[in-house]
Amino acid sequence: MESSPGTSAYRHAVAQGHGRVFQAERDQHITEYHTHYHQDPHAALATAHPGPESVRVPLASRLRSPVRDRRSLRRHLLDAAAGTSTTDSVHVVHGMPGCGKTAVAQSIFDEAVREHGVIGLWVNAAGASSLRAGMLSVALDRGAGQDEVDAAWARRRPPADLVWHYLDRSPGRWLLVLDNADDPALLEGGWLRTSSRGTTLVTTRHGRAPLWREADAHPLDVLDIPDAVEVLQDLAPGSHDRAALEALARELGCHPLALVLAGSFLGHQLLEPVSVDEYRRRLHDDPNTILDLGASPGERDVRRLISSTWQLSLDMLADQGNPEATTLIRLLSCFAADPLPVGLLASDRLDVTALAQAAPPLAGSRANHALHGLLEQSVVALLDVPGDPGREPVRCIQAHGLLLDSVSSRIPLDQRDHVLSAAATLLKQILAVRAGVYPDAQTVRLFVSHAIALVRRCAAVRSTSLAAALTVVRDLRTQTLDRGDYTTAHLLATAVCDTAADIGADSLTDRFELARALAGLGRFAEAAELHRSTLARREEELGPTHPHVLDSAHALGLALYGLGAYAEDELHMRRAAEGRTEVLGSGHPDTIESVACLAEAIGEQERWAEAEALARPNLAVAEQSLGTEHPHTLISRITLAWILSRRGPWSEAELLAWSVIDGNEGNLGADHPRTLAARDLLAGILLRQGRWNDAEEAARTVLAARERTLGPEHPHTLAIQARLARILTGAGLTTAAREISATALDAAARVLGPDHPIAQECRRAHQEATAAPGPTPTDENEEQAQ
């Protein structure tokens with residue numbers, strides 16, 4: 001973890017007539033001694049130009065946990081320090097605040113001194129005065145006379161030349177650590193040089209400085225999960241469950257400073273021990289405060305406090321003429337810790353936001369400069385995120401979640417709405433529906449997490465921008481539901497319900513859309529329960545024939561269909577179909593869909609003639625009112641194809657199925673649930689005709705897509721597995737049929753229950769495969785063994 005010595009304490013001590021000297025004891029311990037100075041000829045000069053308390057020990061906060069991670073980097077640096085490798089003599093370890101740069105340097109310093117007899121020299125390079133004082137003290141340590149150093153202080157002799165003159169002539173090999181060199185400009189003018197007599201190790205947040213071009217640079221990131229858990233176990237030994245510690249490490253983003261603070265807090269609660277789970281709950285409420293409680297009592301080093309360590313970089317950028325970086329990171333803190341496409345920050349987009357009124361103001365023309373500053377200080381990282389198949393990678397920026405939380409919590413009250421409003425405006429611009437065309441799937445994928453994060457940020461501070469943020473998320477929810485991306489739709493719908501529960505007239509719509517997403521995920525029981533309660537409230541508030549009430553009746557019927565409750569499905573779907581016919585007319589798309597679904601509910605009860613009597617005229621109305629390729633026309637067409645697949649003629653059913661496949665692929669895409677449903681039906685029609693190869697090809701196409709988009713245990717995935725097993729049985733491929741049907745049956749019975757229609761279909765498929773002629777299970781085992 002990073003830390004810096006408090007030179008102000010030393011100056012106070014000198015002013016009082018005594019100083020402090022630190023001595024290394026074994027590995028990481030620092031023991032403090034107090035001595036009183038006698039007056040000498042150099043006393044006045046020492047007071048005017050005080051040096052560091054020591055250059056022979058790391059004047060940084062004591063390591064609380066042994067550094068076990070970064071193994072290959074530490075080995076590389078130790079070899080360089082010991083002179084056993086031929087690597088460059090200048091090494092730069094750079095990374096975000098709190099990532100453990102100083103801790104790595106401390107571990108190398110201690111081991112090089114202890115195990116290899118290297119002369120360790122430590123200088124705080126955070127400021128110009130501490131750098132100069134430290135380097136001139138290094139010159140004294142390496143043999144310079146006091147008069148020479150005094151001359152350097154008085155600028156009668158170049159100070160950097162003096163230091164390196166004695167470093168280059170050192171009788172012993174040395175390791176010089178320049179810690180916290182976050183402003184590389186301070187090292188310009190000769191302070192950083194190569195030498196055959198030793199190795200220089202620089203720790204810095206600034207990873208992009210031209211000064212490092214000739215150095216061996218080592219980027220430092222967060223820890224891996226196993227190493228992160230080790231840190232927590234070191235600091236909080238005991239009976240903590242490892243799974244809980246892993247969960248905590250993930251929530252902390254494996255950030256070294258956060259891990260140390262969390263572990264220290266857990267390990268020091270003697271009177272009222274806190275469990276890991278309780279600590280995690282507190283983290284959600286106020287992460288900065290609970291983490292900072294792990295700091296040592298009286299801790300004043302801002303580098304060791306989550307709430308303020310990032311502020312050092314922002315202050316430095318402001319001092320360097322880049323105050324806009326503060327406003328930019330505040331803007332980024334409105335979003336998630338996931339990669340954020342840089343296109344969102346285009347100057348023309350920023351210029352239509354409220355950021356020109358922020359303090360400091362951020363104009364679009366200054367955004368690039370501000371972003372460069374954040375990148376240079378390792379506050380954010382630049383990366384390329386893979387695009388969708390056939391598309392170029394997307395240039396993105398990313399910041400650690402704890403940094404974003406910390407920055408967000410410290411935005412001044414009078415600036416919050418400026419920043420949150422700007423964030424909502426930017427998302428609305430890039431995710432807007434233009435001329436009826438949705439943003440492409442890749443754009444939605446990259447921005448979903450950021451829209452959810454923005455809603456939660458707005459809700460947490462009760463910002464007036466919450467309504468605008470909710471509008472963005474609701475639009476995305478609609479888009480993803482229409483695309484059949486139910487997992488994403490569920491995330492969006494849940495976020496809306498969590499942040500806008502029972503607020504405004506949209507609350508029932510939010511519940512309705514959440515239930516739709518649950519049904520899409522195959523969670524039909526939860527969807528049905530939520531639809532029932534929403535239907536009751538809508539009917540009470542709006543009346544029995546309001547379109548929203550009929551929407552709920554229709555959606556409840558679909559959820560009941562998924563549960564196999566076909567009779568109850570018929571009741572609600574009939575209400576929806578008849579009500580929509582009366583209110584909207586028979587040619588309205590919603591009416592056509594309800595009539596088609598009603599025909600399916602009737603058909604599932606094997607009333608085929610009645611089902612066809614509904615489906616055929618409904619298709620004719622759809623073709624006349626909407627056109628032959630309208631999505632709702634295709635819905636009515638697949639319903640008729642499904643009925644005919646069960647009662648014939650199969651040739652007509654196949655033609656209708658192909659028509660729906662072609663239409664849905666053109667309108668919705670090959671992997672859309674409606675396209676897959678049509679291809680699934682085609683596989684069933686081909687099965688009934690004994691066209692095994694064609695049927696297997698169709699079924700495997702559907703199975704692969706459903707496993708990819710819905711998951712291996714979604715009800716629709718299990719249904720196509722049962723159908724594929726029946727196809728393979730018919731083709732004589734009994735070994736594969738038995739394997740697939742057994743897997744599907746086990747999952748269906750566990751997920752849906754043994755009496756669910758899909759579970760029953762899996763059971764029939766498995767029974768057929770087991771009873772079919774072919775190798776017995778014993779013979780199959782022998783074949784596999786051979």
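Begin this tour of a predicted model by selecting helix 14 and helix 16, which are roughly perpendicular to each other. Their axes cross at roughly 80°, and angles of 65 to 115 degrees count as roughly perpendicular. Helix 14 covers residues 324-332 and helix 16 covers residues 367-376, and the two axes come within 8 Å.

Next, display the side chains where these helices meet. Helix 14 contributes Glu324, Ala325, Leu328, Ile329 and Leu332, which face Ala367, Ala370, Leu371 and Leu374 of helix 16. Eight of the residues in this contact are nonpolar, one is charged and none is polar.

Now turn to the largest nonpolar core, which has 92 residues. Select Tyr279, Leu331, Leu332 and Leu374, the members that touch the most others. Helix 19 (residues 441-460) gives the most to this core, with nine residues. Centre the view on Leu331: beyond its neighbours within four places in sequence, Leu331 is in contact with Leu345, Leu350, Leu355, Val419, Ala422, Ala423 and Leu426. A second, separate core has 55 residues, including Leu598 and Ala748.

Move then to the open sheet of five strands, whose order is 4-5-6-3-7 with parallel pairing. Strand 4 (119-124) and strand 7 (216-220) each have a single partner strand, so one side of each lacks a neighbour in the sheet. From one strand to the next, the twist averages 15°. Six bridges join strand 4 to strand 5 (residues 174-179); select Ile119 to find Trp174 of strand 5 opposite.

Finally, add two helices that lie across strands of the sheet. Helix 3 (residues 71-82) runs at about 150° to strand 7, and helix 7 (residues 159-167) runs at about 150° to strand 5.

Key:
Residues numbered from 1 in each chain as written. Predicted model: local features only at pLDDT ≥ 70, side-chain atom pairs only at ≥ 80, totals over all residues. Heavy atoms only, no water. Axes fitted to C-alpha atoms, helices over the stretch in contact; angles between N-to-C directions. Helix = DSSP H or I, 4+ residues; strand = E, 2+ residues; numbered from the N terminus. Parallel < 35°, antiparallel > 145°, perpendicular 65-115°, else oblique. Contact = heavy atoms within 4.5 Å. Nonpolar A, V, L, I, M, F, W, Y, C, P; charged D, E, K, R; others polar. Core = buried A, V, L, I, M, F, W, Y, C linked by side-chain atoms within 4.5 Å. Buried < 20%, exposed > 50% of the residue type's maximum accessible area, 1.4 Å probe, protein only. Pairing = 2+ DSSP bridges.
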